[in-house]
Amino acid sequence: MELIEDKNWRGKGPESDAIPSKGKSGLHTLTELILTKEGDRLLEIGGGEYHRDMPVPVGGTAIGQHKYCGGLVRMYQTSQDWHTIHCQRCSLRVQVPVSQNTYGLVQGWLEAWMWAESVKVKWGQA
Ligand SMILES: [Zn+2]
């Protein structure tokens, strides 16, 4: 997935009026992250949107709420190269490379991984 750079937008903070409003599923925002091919979704706490180039907090800070389940979700570093996204309520566990450190990069990587998994299933290699 390609992130779109907008120099006028970057660094002005979420409260700035200068941010172009793209509405739901806009250019710079995600209404939710799709975590698994089964459709597990991560919602912003408070019902807002994720900015694609915002870093995903690692450690104690909840990064969102698991849709339907309602559990708070956090991301931890669990090996040298991998972060684990974990739901405290249902123990959903999704791993993402440490290098994928913004919401946009995490979603892009997960989409590529899910696509690769779907190809394996389709061709009987799973
Ligand atoms: Zn959950």
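## A six-stranded sheet and one helix

Let's start with a single pair: Val73 sits opposite Cys87 in strand S7. Before going further, keep in mind that this is a predicted model. That pair belongs to the antiparallel pairing of S6 with S7 (residues 82-87), which is held by five bridges. A hairpin of four residues takes the chain from S6 into S7.

Stepping back, the protein has eight strands and one helix. Reading from the N terminus, the order is β-β-β-β-β-β-β-β-α, so the helix is the last element. There are 126 residues, and 21% of them count as buried. Among contacts with a separation of 6 or more, 31% are between residues 24 or more positions apart.

**The sheet**

Which strands make up the open sheet, and in what order? Six of them do, arranged S2-S3-S5-S6-S7-S8 with antiparallel pairing. At the edges are S2 (32-34) and S8 (93-97), each of which pairs on one side only. From one strand to the next, the twist averages 35 degrees.

Here is how some of the neighbouring strands pair up:

| Strand pair | Sense | Bridges |
|---|---|---|
| S2 and S3 | antiparallel | three bridges |
| S3 and S5 | antiparallel | two bridges |
| S5 and S6 | antiparallel | three bridges |
| S6 and S7 | antiparallel | five bridges |

A few residues are handy for tracing this on screen. Leu33 has Leu42, in S3, as its bridge partner. Leu42 in turn has His66 as its partner in S5. One step further along the sheet, Gln65 is bridged to Leu72 in S6. If you follow those pairs, you walk from S2 (32-34) through S3 (residues 41-43) and S5 (residues 62-66) to S6 (residues 72-77).

The hairpin of S5 and S6 has five residues between the strands, and in it Tyr68 takes a positive phi near 75 degrees.

**Strand S5 and Gly64**

Is S5 largely enclosed or largely open? It is largely enclosed by the rest of the structure, because four of its five residues are buried. Gly64 is found in this strand, and it counts as buried because it has 24 C-beta neighbours inside 10 Å, where 20 are enough. Leaving out neighbours within four places in sequence, Gly64 is in contact with Leu42, Leu43, Glu44, Ile45 and Val73. So Val73 turns up again here, as a contact of Gly64, having already appeared opposite Cys87. Met75 is 11 residues from Gly64 in sequence, and the C-alpha to C-alpha distance between the two is 9.7 Å.

**The helix**

Helix H1 covers residues 103-122, which makes 20 residues, and its first and last C-alpha atoms are 28 Å apart, close to the 28 Å expected at 1.5 Å a residue. Which residues of H1 are buried? They are Tyr103, Gly104, Val106, Gln107 and Leu110. These lie on the same side of H1, because they cover an arc of only 155 degrees around its axis. The general background is that an α-helix has 3.6 residues a turn, so residues three or four places apart point the same way.

On the other side of H1 you find the exposed residues Ala112, Trp115, Ala116, Val119 and Lys120. The buried residues are covered by elements that include S1 (29-30), S2, S4 (50-51) and S8. After H1 comes Gly124, with a positive phi near 75 degrees.

**Where sheet and helix meet in the core**

As a general tendency, nonpolar side chains in soluble globular proteins are buried together. In this model, the largest nonpolar core has 15 residues, and the ones with the most contacts inside it are Leu33, Leu35, Val56, Val73, Ile85, Tyr103 and Val106. S6, S7 and H1 are the elements that give two or more residues to this core, and the largest share, three residues, comes from H1.

Val106 is a good residue to click on here. It is one of the buried residues of H1 and one of those with the most contacts inside the core. What does Val106 contact, leaving aside its neighbours within four places in sequence? Its contacts are Leu33, Val56, Val96 and Gln100. Leu33 is thus a contact of Val106 as well as the bridge partner of Leu42.

Note on methods: Residues are numbered from 1 along each chain as its sequence is written. This is a predicted model: local features need pLDDT of at least 70, side-chain atom pairs count only at pLDDT 80 or more; totals for chains, interfaces and linings use all residues. Two strands pair if DSSP finds at least two bridges between them. A residue is buried if 20 or more other C-beta atoms lie within 10 Å of its own, exposed if 12 or fewer, and partly exposed in between; C-beta atoms are placed from the backbone. Two residues are in contact if their C-beta atoms, placed from the backbone, lie within 7 Å. Axes are lines fitted to C-alpha atoms, for helices over the stretch in contact, and angles run from 0 to 180 degrees between N-to-C directions. The expected span of a helix is 1.5 Å times one less than its number of residues. The arc is that of the directions from the helix axis to the C-beta atoms. A nonpolar core is a set of buried Ala, Val, Leu, Ile, Met, Phe, Trp, Tyr and Cys residues joined through C-beta atoms within 7 Å.
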